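Trainee: Got a minute to go through this one with me? I'd like the overall fold before the details.

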Amino acid sequence: VALAWVPSGDRFYMRASAEWELYRRLPTTDSARNERLARVARDLKLGLSANPADGRASLMLAVVLALQGASARQVAVALLHSMDMAPNFRDLWLWRATYFFAAWTALSPDEAASVRGQLRAIWRNAPALRLPLLQSALAAGRDRELALSLVDEPDSRVEFEQLKASISPKR
């Protein structure tokens, strides 16, 4: 019986993760970084073609696309795919939200409404993420979007305003 390597989404994701670590360890001045990042993107795309339901790979692809200078729309598409495939994978919530804030202008009104639903779920279900989520929104200038996500939840909105006031510089 002969054994053959069978491509799978997980194998491509693991290879992309290894390439990512190699990329991160290269000095920022090293010319091999772009090639390494291209390998990460290639492996992620191959992995997603084998397993389109991998929300981790979609999020990682969004990060790589952003680093490669892709358009905000390309990044947003990968983020939306990640959210669709893994909406409740809590390990992805903060990272995905951070990149959504950065790519917000590329979202359609319907997509923005879906992302607001995710932001509301994060706020409601992960109290430990509230401060970092707000800090991420503030850093991207998208605290208004986070506030709009909480508009129908008065207690959450009050907490949001109090938390924002406690970390915002006094003017």
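Mentor: We can take the fold, the core, one helix pair and one residue in turn.

Trainee: What kind of model is this, and how are residues numbered?

Mentor: This is a predicted model, with local features needing pLDDT of at least 70, side-chain atom pairs counting only at pLDDT 80 or more, and totals for chains, interfaces and linings using all residues. Residues are numbered from 1 along each chain as its sequence is written, and side-chain values use heavy atoms, leaving out hydrogens and water.

Trainee: How many helices and strands?

Mentor: The chain has 9 helices and 0 strands. Helices here are DSSP runs of H or I, at least four residues, and strands are runs of E, at least two, numbered from the N terminus. The C-alpha trace spans about 65 × 40 × 30 Å along its principal axes.

Trainee: What share of the residues is buried?

Mentor: Buried residues are 40% of the 171 in the chain. Buried means under 20% relative accessible area, exposed over 50%, and partly exposed in between, with a 1.4 Å probe and protein chains only.

Trainee: Ok, the core. Which residues touch the most other members?

Mentor: In the largest nonpolar core, which has 47 residues, they are L44, L119 and L146. Such a core is a set of buried Ala, Val, Leu, Ile, Met, Phe, Trp, Tyr and Cys residues joined through side-chain atoms within 4.5 Å.

Trainee: Which helix gives the largest share?

Mentor: That is α3, with 8 residues.

Trainee: And what does L44 touch?

Mentor: Not counting residues up to four places away in sequence, L44 touches Y13, A16, A57, M60, L61 and V64. Contact means heavy atoms within 4.5 Å.

Trainee: Back to α3. How does it pack with α4?

Mentor: The angle between α3 and α4 is about 165°, and their axes are 8 Å apart. Axes are lines fitted to C-alpha atoms, for helices over the stretch in contact, with angles from 0 to 180 degrees between N-to-C directions. That makes α3 roughly antiparallel to α4, a term for angles over 145 degrees.

Trainee: Which residues make the contact?

Mentor: Among them are G55, S58 and L59 of α3 and Q74, V75 and A78 of α4.

Trainee: Different topic: where is S156, and what is it in contact with?

Mentor: S156 is in helix α9, residues 154-167. Leaving aside neighbours within four places in sequence, S156 is in contact with W123 and L150.

Trainee: Is S156 buried or exposed?

Mentor: S156 is buried, at a relative accessible area of 11%.

Terms used: Parallel < 35°, antiparallel > 145°, perpendicular 65-115°, else oblique.
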